[in-house]
Amino acid sequence: MFERFTEDARAVVRGAVAQAEATGERSVGAGHLLLALLERRDGRGARALVALGVADRGEAVRRAWDEARRRAGLSQAETDALAGLGIDVERIVARVEEVHGAGALAGNRRDKNWWSGRRGFGRDAKEVLEKALRIALARRERHIGDEHILLALTARPGVAAEVLADHGVTYASVTGVLDGTGRAEAG
């Protein structure tokens, strides 16, 4: 599949691998793709983020992502649903961190002795990349660019889409910027 990726999309994938390495995680996740996109300045997807005003709020997006990771990847909607059932996720996270250390649920694995080798892609990252392919095909485009990865991140339910939507980046807003029909403002 990567043979259809543009150089910008490949740079996002390489950046996602670097993000996973920096956090000591075994596999690349959707969040790593999001963080790699935020670091880019070239490519249609990166320019769409700039047009939507997210480039200036990259650190806020990163903090929101880190907070979701701290909650073991639960979205705010999932946290709210559990709260409706009387389950206080923040209290559970605090208790786990009290016993096992800060970030215990985030998946940080600094102990390099337990694994060595190439980082694979987690299920969520694979789903994003597959969705990027489907989006490119639906748009009748021959290659997969970083804009397709961005669109896939906004289209697939989960923490990445929630974090982006909280910063005004939705499938509709990105499509509008890419197609030149939407307003280049954060929602």
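**Exercise 1. Find what share of the contacts between residues at least 6 apart in sequence join residues at least 24 apart, and set this beside the make-up of the chain.**

Solution. In this predicted model, take the contacts in the chain between residues at least 6 apart in sequence; of these, 64% join residues at least 24 apart. Next, list the elements along the chain, which has 10 helices and 2 strands, and read their order from the N terminus as α-β-α-α-α-α-α-β-α-α-α-α. Finally, turn to burial: of the 187 residues in the chain, 42% are buried.

**Exercise 2. Describe how helix H7 and helix H8 are placed relative to each other, and say which residues meet.**

Solution. Two packed helices are described by the angle between their axes and the distance between the axes. Begin with the two values for H7, residues 123–138, and H8, residues 146–155: their axes come within 8 Å and cross at roughly 115 degrees. Since angles of 65 to 115 count as roughly perpendicular, H7 and H8 are therefore roughly perpendicular to each other. The crossing in which H7 passes H8 is right-handed. Then look at the residues themselves: H7 brings Val-128, Leu-129, Lys-131, Ala-132, Ile-135 and Ala-136, and these meet His-148, Ile-149, Leu-151, Ala-152, Leu-153 and Ala-155 of H8. Sorted by class, the contact of H7 with H8 has 10 nonpolar residues, 1 polar and 1 charged.

**Exercise 3. Identify the residues with the most contacts inside the largest nonpolar core, and find which elements give two or more residues to this core.**

Solution. In soluble globular proteins, nonpolar side chains tend to be buried together. Here the largest nonpolar core has 41 residues, and those with the most contacts inside it are Leu-34, Leu-49, Ile-149, Leu-150, Leu-153, Val-169 and Val-174. Two or more residues of this core come from each of H1 (7–23), H2 (30–39), H3 (44–51), H4 (58–70), H7, H8, H9 (159–166) and H10, with H2 giving the largest share, 7 residues. To follow one of the core residues outward, take Leu-150: setting aside residues up to four places away in sequence, Leu-150 touches Leu-37, Gly-45, Ala-48, Leu-49, Leu-164, Val-169 and Val-174.

**Exercise 4. Decide whether Ser-173 is buried or exposed, and name its contacts beyond its neighbours within four places in sequence.**

Solution. First locate the residue: Ser-173 lies in H10, residues 171–179. Its relative accessible area is 16%, and because buried means under 20%, Ser-173 is buried. Once neighbours within four places in sequence are left aside, Ser-173 is in contact with Leu-52 and Gly-168.

Notes. Residues numbered from 1 in each chain as written. Predicted model: local features only at pLDDT ≥ 70, side-chain atom pairs only at ≥ 80, totals over all residues. Heavy atoms only, no water. Axes fitted to C-alpha atoms, helices over the stretch in contact; angles between N-to-C directions. Helix = DSSP H or I, 4+ residues; strand = E, 2+ residues; numbered from the N terminus. Parallel < 35°, antiparallel > 145°, perpendicular 65-115°, else oblique. Left-handed = near helix turned anticlockwise from the far one by under 90°. Contact = heavy atoms within 4.5 Å. Nonpolar A, V, L, I, M, F, W, Y, C, P; charged D, E, K, R; others polar. Buried < 20%, exposed > 50% of the residue type's maximum accessible area, 1.4 Å probe, protein only. Core = buried A, V, L, I, M, F, W, Y, C linked by side-chain atoms within 4.5 Å.
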